Structures are given as C-alpha cells and as structure tokens.
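The following dialogue shows how a learner may read the features of a protein model step by step. Please keep the sequence and the structure in view while reading.

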Amino acid sequence: MKYKKHISLVLLLLVSSFIVAQVKFEAKVSKKKLGINERLRIDFQMDKDGDNFNPPNFNGFTVIGGPNQSVSNSWINGVRTYKKTYSYFLAPKQRGTFNIGQATIEIEGETYKTTPIKVEITAAIDKPKNPNDPSYIASNNIHLVAEVSNSSPYLNEAITVVYKLYVAPTTGVDNWKEIDIPRYDDFWSQNIDTQGQRVQNGTYKGEDYRYLVLRKTVLYPQRTGKLNIEPLTLNVSVQVPTNRRDIFGSRLMSRVNRTVSAGNRVINVKPLPQQGKPADFSGAVGDFSLKVTTSKTELDATESLQAKVEVRGKGNLKLFNLPKMNLPSSLEVYEPEHKENVSTTTRGMQGSISDNYTVVPQYKGKYPIPSISFSYFDLKTESYKRLSSDEIIINVLDGPTNNSSQASNTSNNVVKQQIKTTSNQFAFIKTKTDLIPKQKNYFFKTKLFWSLLFGPFLAIPLAIVIRRKKATRDADIAGNKIRRADKLARKYLKGAKKELGKKEAFYEALEKALHNYLKSKLRIETSELSKDRIQRLLLERNVETDVINDFIAIFENCELARYTPITNVTMQEDYEKAAKTISLIDKQAN
C-alpha cells in the first residue's frame, strides 16, 4: 500500500509537470461584433517568452495603433506567473464579416499558432456616454453633416449634397480619410472639385463651430419615389483636451481616431405631371433655348454645308436627346457629330449640346429645312414648354437639274463633228526592234530545288511537336473552357465598340463581355454571378477595392442604360472604363 501511494504521487507530479510545460498562445479581441465607427483591440498573449512573432494580415482593417508590447512577471505563493502580450488597435474599413488569421511565434524551438477569429462589422452605432473618455469627447466635438439643397425634387431636377465637417473650437483635426463612399445608385451624379476650400466659422445646433466643406455632389434623380442617399463615412484623427495639465498649467491634448458618418438622407422624388405632356417629350428638365443654323444658305451642287441643332441653358443637358433634323431626299445628309460644352456647378449642369449635320445637295434648286420643335419641362412655372425654329431655305445655284425632259432636250442639241485622220497618225509606233534572246535558267540544284527536296523531312519533327502540344491543350478541359470564355469576352468587347452610338445594342454587348470575362477569370457560371459574390471573389484575389467598385459600376450602368437616356460620350467613357478595369484586374488578381 505504501508503494502504491509513492507511485501515485510520482504520477501526479509527472502529470503536473506536463501540464505546466504546455505553452499557451492565444488571440483575444475586445468584441466580435462592432460598428464601423468603433475600434477593435486584439491581444496576442503567451505564457512563455518567444521569438519571431508574426502578426496576421488584418484584411478589412486599418492598423491605427500597435504593436504595443507588455510583459507581466509575478510570483504568488512561490509560483511564477509570466505573460507577454502584443496588442493592436484596428479600425474597420467597411461593413461585412472578416476573419483575423493566425499569428505565429517560436518558443523553445517550436512554432505556435493562434486560432483564427471571425469579426462582424455592422453599420455605425451609438456609443455609450462617458464624459472622461476621449472618444466620447471627440464624438461630441466633431460632426459630419450632409446638407441637401432640395428634399422633394422633380424627376431629373438637380439637387446638391454638400458634406461639411464641423469641429468644436477646442478640438483639432490632423487628417481624415474616406472609408465608406456613397454610390448614388438611383442618381446621375457629378462630384464638384472642393480643393482649396478654407476653414470657415459657423454654427451647429446653435453653438459656434468651425467647418470645412469636404465634398460637393450634384445629383439628378433617375426614378420617382423615396430614394436613399447613402452616408459618407470618414476616419478622422482628432486631438481633444483632457483633464491633465503640463508643468506650465496648459491643458494636455489626447489624440484619438474617430469615425464619423453623415447619416442616411431620404428624398421624395416627384414624377413629372402627365397633364400637358407633349408626345415628343424626351426628358429635358430645366430652362433651355433652341437654335438651328446653317453655315451657308447659297451654294453649288456637290458643295457641302453645316447644319447645327443646338440647345442651350440650364438643366439635365446630358440626359436627353436632341430633336432630329428632317431634310428633303435630294439633300445627302451624313450622321451628325454630337458635341457637348457642359459645365457642372452646385446649381447643376449648364452650357450647350449640339448635333452638327453635314449636308451635300445633289441638284440645282431651292430646298426648305423645316421647322424643328423641342419640348421641355420648365421648373420655374412647373409646366411644359415648346420651342420651334424658323424654316431655312437652301438655294443651290449651279448643278444638274433633277428633270429628265430637260436632260433629253440638252442631249438633242449636241453637234456631232467628223473625225479627220492623217497619214502619219500611227507614226509613233515602232516597227523595228532589237530583241535579245532571254538566257535560260535551270531549276536543278537551285536553292528552291534543295528546299523542296529536304523541306518535308525537316517539317516532320516540327509536326510532331505541334501535335503533342495540341494533344496536351485538348486534354486541358478546364483551360480550354477558360480560353473559350476569354475569347468570347474579347469578341463581345469588340462587338460593343462597333455598336457605339446604339444604346441598347452597345450595353447588351458590353454586359455580355463582362459576364464572359468573369466566367473566364473567376471560373464561375452565369447563374452564380451576383454583385456580392463578384466583390468577394475579387477581394480574395487581392484586387483593389476601387477597381472592384469601378467594375461593378459598369454593370450598374448597363442596367441603368435601359431606362435612361445615354449620350455617345457616356457610352465611349463606359467602353474605355471597361477595357481599363479588365486590364487592372488581370494585373492585380492572383
């Protein structure tokens, strides 16, 4: 019995020493679900000192602090406790679910890894109030506000969204970075340059603040009803005062990173009235004038003139079609050249758009250019207005007449003259020549002879190599599928270029090209294509977020083009953007 007690004691000591010898290396996060305006702390803790610590790739986060290293070494009742910690502070880049990967460290010749942690990022949330917390002080002293010029516009009426960053006088801002940009899915949008803006004094909720205009965007709503303006979210480095003071009595400042959001804004878009709506109304909204001119009114047949249809004013100039010019069949008319001279300010688009026709008359006579009519919705009177041009007469002074009887009479008056010949009429032809016989060249033993003789023998090894490569290529089923899809994508992209100017055909071909490119690049079927899946797969292949957003924006333009007027300039920009984006994805994707 005594021996059994000793054996039990020895086993207990062995088990205890084994347990103590186990190294504990783990990762801990402050929370697993947080808002995009919150901060995440992650600690990598170990109970033994180690070397070569490697943190994970914090995909989806920005490291705003760390690594901070701390060591705790204590003795309690004769037992030593050791703890070493590497701490990081992270700011979310966007909403979604992200995995924080494994960290590694070497301890006593062994490599240890932490367990991956899944973290969910939600929309911005309200933080608990703590007057002594610098983050809470910053939240009260800094505000991002989206000011909308009109919350109840008409369809295709311009509104302006101005984003202002308000900062309390006792608070400083070092820098800021956009981390969530609104996409304006239901709007035509144009950003206004805000560089060179200065800090101004103003009030926010009745209190004195300083503010800076960060962004100005002009929006033209493209559908009616309640539309959502997504928030702009910034990561701002803020300096806030604390309760501590230096040796001279001045208050010390504390630097914190604060995420601010402008919040969602909802506008109610009114439809254009049906009463009095002209049949030829093409969607023009604003205040316009119509002008039809020609470069000349008198010319000869086969000479050319320029006829221009121009609309000038303020409104959605890029979002409607100009009226067509109808000319007599005796005038040859070429496809018009579309020109835009439009600038966009906070009050919307203003300038002019025009179609320039090249006209070539074929026959002598006078030809009228009929009056051209153009209708638009006037925002000032909230009614439809119609503009009409004057009739223009083109006088062709000289040229053939389009009259067969006159042509026959003219031919009857032609006088035929007898042709006279002379005796030396053919004197220039030589009757004597000095011809030299051509020397014969033999084919035997020439370079061509030897090439044809030995060429087939030399071609046999080349044919074998080509056949083997073809067999290997034919066996690569997945590779052939990718090559076919890639070839089809180039075919459709080439087809889209040919359809420039034809809205429906162009965007249909462009959308097919993008689909087939994704099938070739991501190896997925058309039924699996969705914006979320495309974004996730491209992110996994290390494609930059801006490139992904541009690619998805092209898809959205293809969908939007079915319901809104699109100009040739916009189609050309979408084509060039698609080609550039595909090239960037090829370069960045793993």
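**Reading a predicted model**

Q: Which residues make the nonpolar surface patch of about 730 Å²?

A: Patches are made of residues with over 30% relative accessible area and no salt bridge; like charges are joined within 9 Å, and nonpolar side chains (Val, Leu, Ile, Met, Phe, Trp, Tyr) within 5 Å. Here W450, L453, F454, F457, L458, I460 and I464 make a nonpolar patch of about 730 Å². Accessible areas come from the Shrake-Rupley method with a 1.4 Å probe, and for residues only the protein chains shown count as cover.

Q: What kind of model is this, and how are its residues numbered?

A: This is a predicted model, in which local features need pLDDT of at least 70 and side-chain atom pairs count only at pLDDT 80 or more, while totals for chains, interfaces and linings use all residues. Residues are numbered from 1 along each chain as its sequence is written, and side-chain values use heavy atoms, with hydrogens and water left out.

Q: In which helix does F454 lie, and what is its relative accessible area?

A: Helices (H or I, at least four residues) and strands (E, at least two) are DSSP runs, numbered from the N terminus. F454 lies in helix α4, residues 447-475. A residue is buried under 20% relative accessible area, exposed over 50%, and partly exposed in between (1.4 Å probe, protein chains only). With 44%, F454 is partly exposed.

Q: How many helices and strands does the protein chain have, and what percentage of its residues is buried?

A: The chain has nine helices and 30 strands. Of its 590 residues, 37% are buried. The chain exposes about 37500 Å², and carbon and sulfur atoms supply 50% of that area.

Q: What percentage of the contacts join residues at least 24 apart in sequence?

A: A contact means heavy atoms within 4.5 Å. Among contacts between residues at least 6 apart in sequence, 70% join residues at least 24 apart.

Q: How many salt bridges does the structure hold?

A: A salt bridge is a side-chain nitrogen of Lys or Arg within 4 Å of a carboxyl oxygen of Asp or Glu. The structure holds 18 of them.

Q: Which parts of the chain does the salt bridge between K48 and E108 tie together?

A: The closest N and O atoms of K48 and E108 are 3.6 Å apart. K48 lies in the loop between β3 (40-46) and β4 (51-54), and E108 in the loop between β8 (104-107) and β9 (110-113), so this pair ties together parts that are 60 residues apart in sequence. K48 is partly exposed at 25% relative accessible area, whereas E108 is exposed at 66%.

Q: Where do E508 and K512 lie?

A: Both lie in helix α6 (residues 503-522), four residues apart, which is about one turn of the helix. Their salt bridge has its closest N and O atoms 3.6 Å apart. E508 is partly exposed at 44%, and K512 is partly exposed at 34%. Elsewhere, salt bridges that share partners join K24, E26 and K28 into one network. Within that network, the closest N and O atoms of K24 and E26 are 3.8 Å apart.

Q: In which sense do β25 and β26 run, parallel or antiparallel?

A: Strands of a sheet pair through backbone hydrogen bonds, either parallel or antiparallel. Two strands count as paired if DSSP finds at least two bridges between them. Strands β25 (residues 337-345) and β26 (residues 348-361) run antiparallel and are joined by nine bridges. One bridge has E337 facing its partner N356 in β26. Two residues link β25 to β26 in a hairpin.

Q: In what order do the three strands of the open sheet lie?

A: The order is β22-β30-β27, and the pairing is mixed. The edge strands are β22 (298-299) and β27 (365-369), each of which pairs on one side only. Two bridges join β22 and β30 (residues 392-396) in the parallel sense, and L299 has V396 in β30 as its bridge partner.

Q: Why is strand β28 largely enclosed by the rest of the structure?

A: Five of the six residues of β28 (residues 373-378) are buried, so the strand is largely enclosed. Strand β21 (residues 285-294) pairs with β28 in the parallel sense over two bridges, and V285 stands opposite F377. Strand β29 (residues 383-388) pairs with β28 in the antiparallel sense over six bridges, with S373 opposite S388. Four residues lie between β28 and β29 in their hairpin, and E382 in the turn has a positive phi of about 55 degrees.
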